[in-house]
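This briefing addresses a single structure, shown below. The notes that follow are grouped by topic for computational work.

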Amino acid sequence: MASTARAHTNIALIKYWGKRDADLILPYTDSLSLTLDEFYTTTTVDFDSQLKHDHLMIDGQVISPDKSAKVAHFMDLVRQMSGQKAFAQIKSVNHVPMSAGLASSASAFAALAAAASRAAGLNLTPTELSRLARRGSGSATRSVFGGLVQWHRGIDDESSYAEPIMEKVDFGLEMIAIMINRQQKKVSSRGGMQASVDTSPYFKIWPEVVEQDLKAIKIAIQERNISKIGEIAEANAMRMHALTLSAQPPFTYFEASTIKAINLINQLRQTGLNCYYTMDAGPNVKVIYDQKDRPQILAALGQVFGQDNLVVAQPGPGIEYLE
Ligand code: 2P0
């Protein structure tokens, strides 16, 4: 049986950066994200007993088995869980600029987890699906759900999953992604976070920092206070990036235009526009603001980066099955 599922990507307001268990993908900390409507992956999985290995096609391009090892490993997990023995035809279409810090692995593995588990005859609960998606990519754990989502770090495979804390975000929270560079990133998040864990002297304090930031942002969410949410998310993102700058050897996802964007957002804030930034394992900057300020923020960012390089994204839904 074939199954098709769609998952939307998410942007963390409180970042996941570091694994306690690389095989099970258990993080050192909880994290909290906003699922977005604009960026998503649609994936079809069809098990076929004639196949000699899993066949992967992304955006119409055949991906060779040596470049799809992560997916094959993930499919082995689904086969183990379900007793399904056949390999599968996997077709994935991304509405996400790939590997440019827009967390394409989040939507990719969440959609794959949903389509593959259903095609294999597993009838997983959302929590089980979140745990399965986690085995493909940490951030995918959160993309199973819509809106504002918390990933509980847990202590083992069973207890590490995401949970929606506000599925319908009803207070105007919105993001603009500034596309600074659409190229493949140089340091993968997987490699980058491991380097931070292994070599940054500041990593010791990171779990404590996240715990405090998480507590504060959950209060700000309850209060529906976008300024407070933005302020906390911005600080947390920069604390995460401090873990790359303080690694040995040091590295960074910042590019010159990233700094330009940050300076511009700071400037706009000084002129009374309520906006904040966050960024992930790539140079692109995401602006956090209140929907009602969108026209002014778009105009100001557009003057510097060009309207074509701005994508407005609103809170998006969790997993959807298309067939
Ligand atoms: C996050 N990022 O919380 C953090 C912030 C990037 C920066 O999760 O190794 O692709 O597959 O678990 O999920 C991106 O890392 O890493 C990520 P793996 P993933 O969104």
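**Strand pairing, helix and ligand shell**

Strand S5 (residues 55-58) is joined by 4 bridges to strand S7 (residues 87-95), and the two run parallel. The model is predicted. The ligand lies between domain 1 (2-169) and domain 2 (173-313), because both give residues to the shell around it.

**Strand S5 and its partners**
- In the pairing of S5 with S7, Met 57 stands opposite Lys 91.
- S5 is also joined to strand S6 (residues 61-63), by 3 bridges and in antiparallel orientation.
- Within that antiparallel pair, Leu 56 stands opposite Ile 63 of S6.
- A hairpin is formed by S5 and S6, with 2 residues between them; in the turn, Asp 59 has a positive phi of about 50°.
- The covered face of S5 presents Leu 56 and Ile 58, whereas His 55 and Met 57 are on the uncovered face.

**Helix H2**
- Helix H2 spans residues 104-119, 16 residues in total.
- From first C-alpha to last, H2 reaches 22 Å, close to the 22 Å expected at 1.5 Å a residue.
- Since 16 of the 16 residues of H2 are buried, the helix is largely enclosed by the rest of the structure.
- Gly 121, just after H2, adopts a positive phi of about 90°.

**Ligand surroundings**
- There are 15 residues around the ligand, of which Ala 12, Ser 137, Gly 138, Ser 139 and Ser 189 come nearest.
- By residue class, the shell around the ligand comprises 6 nonpolar, 6 polar and 3 charged residues.

Note on methods: Residues are numbered from 1 along each chain as its sequence is written. This is a predicted model: local features need pLDDT of at least 70, side-chain atom pairs count only at pLDDT 80 or more; totals for chains, interfaces and linings use all residues. A residue is near a molecule or strand if its C-beta atom, placed from the backbone, lies within 6 Å of it. Ala, Val, Leu, Ile, Met, Phe, Trp, Tyr, Cys and Pro count as nonpolar, Asp, Glu, Lys and Arg as charged, and the others, Gly among them, as polar. Domain bounds come from an automatic or database domain assignment. The expected span of a helix is 1.5 Å times one less than its number of residues. A residue is buried if 20 or more other C-beta atoms lie within 10 Å of its own, exposed if 12 or fewer, and partly exposed in between; C-beta atoms are placed from the backbone. Two strands pair if DSSP finds at least two bridges between them.
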